[in-house]
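Trainee: Hi! Could you walk me through this structure before I set up my own work on it?
Mentor: Happy to, let's put it on the screen.

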Amino acid sequence: IGALRWHFLLQSLDDLQKNLCQLGSCLLVIQGEYESVLRDHIQKWNITQVTLDAEMEPFYKEMEANIRHLGEELGFEVLSLLGHSLYDTKRILDLNSGTPPLTYKRFLHILSLLGDPEVPVRNLSAEDFQRCRPRDPGLAECYRVPLPVDLKIPPESPSPWRGGETEGLQRLEQHLTDQGWVASFTKPRTIPNSLLPSTTGLSPYFSMGCLSVRTFFYRLSNIYAQAKHHSLPPVSLQGQLLWREFFYTVASATPNFTKMAGNPICLQISWYEDAERLHKWKTAQTGFPWIDAIMTQLRQEGWIHHLARHAVACFLTRGDLWISWEEGMKVFEELLLDADYSINAGNWMWLSASAFFHQYTRIFCPVRFGKRTDPEGQYIRKYLPILKNFPSKYIYEPWTASEEEQKQAGCIIG
């Protein structure tokens, strides 16, 4: 996890703490390995129930199994509830049994049999939270949310994305206010190099658990119900949530989902190993301004548009460098605020044509693709200010400018 994501997580915990305090409760953050933490605190605090999100990823599946064994040993109940995804992936896979592999079209058909996702049984009241108040008020200070200095990361984050439910709900309301935009949203028509996000930018809040994906799903359903016409999956806003579910479902049933070797749905490709080129791609030094501007935004802000992700992923893999998608996945895992085991690996396999999609000749040009939606290169000028004085006709290909023009722009290529 990179520093930006740590900041987002700490901001999210701090916001949760403030919101719980307003309800008469508080958040206690205990650091350490989960098994030893539970062993130490079950008897000390007389804990009778441990609750957690029902997860589908290997680490968390193993964690849940271990906690259940601990519960049997130490005498506490384990309550596992579906919260991070819309659907129970096990139910989807049961309905798909004997039909390999699960395609998105088949996936949507299964969802139509399941109907809308279930809503939570009930919401907690203020009284519920007050009952959870620790008896010892000194505990809140002993188990406070860590500060950046505690984790040895920079004290401030340059990212415009601030973590927390409060911020996530404000962003949600801001986007849902424009019901026409919501109803007509189609993913391919959004702009990858607009200076402000042309999509909702909610993904970090879903990924970190600040926002309920069900809340978003049902708010969208209400807007669609009032609209004469609205876009449909896979390109609609609800369709984006269903892509998320699709990758969760496939990942939960696929061994070695984040690797090429031993992954039954992934093509085995002899990728190049080139540490120098990988480093230049990661640190925005490829020499292609459109690619380097995207990688700069990723490093500075922790978020880039999905089509920008497509462009740099294609460039690293089958488009230009022929370096393994696993290497790109690791970089995104470190730098993205919304990094996610299932979605990150699934999209990298897709963009490298290793799984799900195999039209190798559909390649994102590192020059023309960005120029189509931002011919003046404002995005490049923002994230690569060293090129800001180049005329627009050279901004995507500055090496084509004459030496005199490069001198006038204040940047000699190479």
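Mentor: One term before we start: the domain bounds I'll use come from an automatic or database domain assignment. Also keep in mind that this is a predicted model.
Trainee: Okay, into which domains is the chain divided?
Mentor: There is domain 1, made of 85-117 + 176-253, and domain 2, which covers 275-409. Their C-alpha centres lie 26 Å apart.
Trainee: How many residues of each are in contact with the other?
Mentor: On the domain 1 side 23 residues are in contact, and they meet 24 residues of domain 2.
Trainee: And how much area do domain 1 and domain 2 bury between them?
Mentor: About 2000 Å², with 69% of it on carbon and sulfur atoms.
Trainee: How many salt bridges are there between domain 1 and domain 2?
Mentor: Zero between those two domains, although a search of the whole structure finds 14. For instance, Glu64 and Arg68 form one through their side chains, at 3.2 Å from N to O.
Trainee: Where do Glu64 and Arg68 sit in helix 3?
Mentor: They are four residues apart in that helix, which spans residues 58-74, so about one helical turn separates them.
Trainee: Switching to pockets: what's the volume of the second largest pocket?
Mentor: It comes to about 1400 Å³. The second largest pocket has 44 lining residues, and Lys187, Gln240, His306, His310 and Asn347 lie nearest its centre.
Trainee: Which helix gives the most to that lining?
Mentor: Helix 12, with seven residues. Helix 10 (203-207), helix 12 (237-253), helix 15 (306-319) and helix 17 (341-351) each supply at least two.
Trainee: Which domains does the lining of the second largest pocket draw on?
Mentor: Domain 1 and domain 2 each provide at least three of its residues.
Trainee: How do the residues of that lining divide into nonpolar, polar and charged?
Mentor: The lining of the second largest pocket has 26 nonpolar, 11 polar and seven charged residues.
Trainee: What about enclosed space, how many cavities of 30 Å³ or more does the structure hold?
Mentor: One. The largest cavity holds about 50 Å³ of space. It is lined by 11 residues, and Ser194, Leu196, Pro197, Gln297 and Trp303 are the closest to its centre.
Trainee: How does the lining of the largest cavity divide by residue type?
Mentor: Seven are nonpolar, four are polar and none is charged. The lining of the largest cavity also takes at least three residues from each of domain 1 and domain 2.
Trainee: Great, thanks for the tour!

Key:
Residues numbered from 1 in each chain as written. Predicted model: local features only at pLDDT ≥ 70, side-chain atom pairs only at ≥ 80, totals over all residues. Heavy atoms only, no water. 1 Å grid on protein atoms, 1.4 Å probe; cavity = no way out; pocket = protein on both sides within 12 Å on 5 of 7 lines; lining within 4 Å. Points joined across faces, edges and corners; volume = space filled by probe spheres on them. Nonpolar A, V, L, I, M, F, W, Y, C, P; charged D, E, K, R; others polar. Contact = heavy atoms within 4.5 Å. Buried area = accessible area lost by both parts, 1.4 Å probe. Salt bridge = Lys/Arg side-chain N within 4 Å of Asp/Glu carboxyl O.
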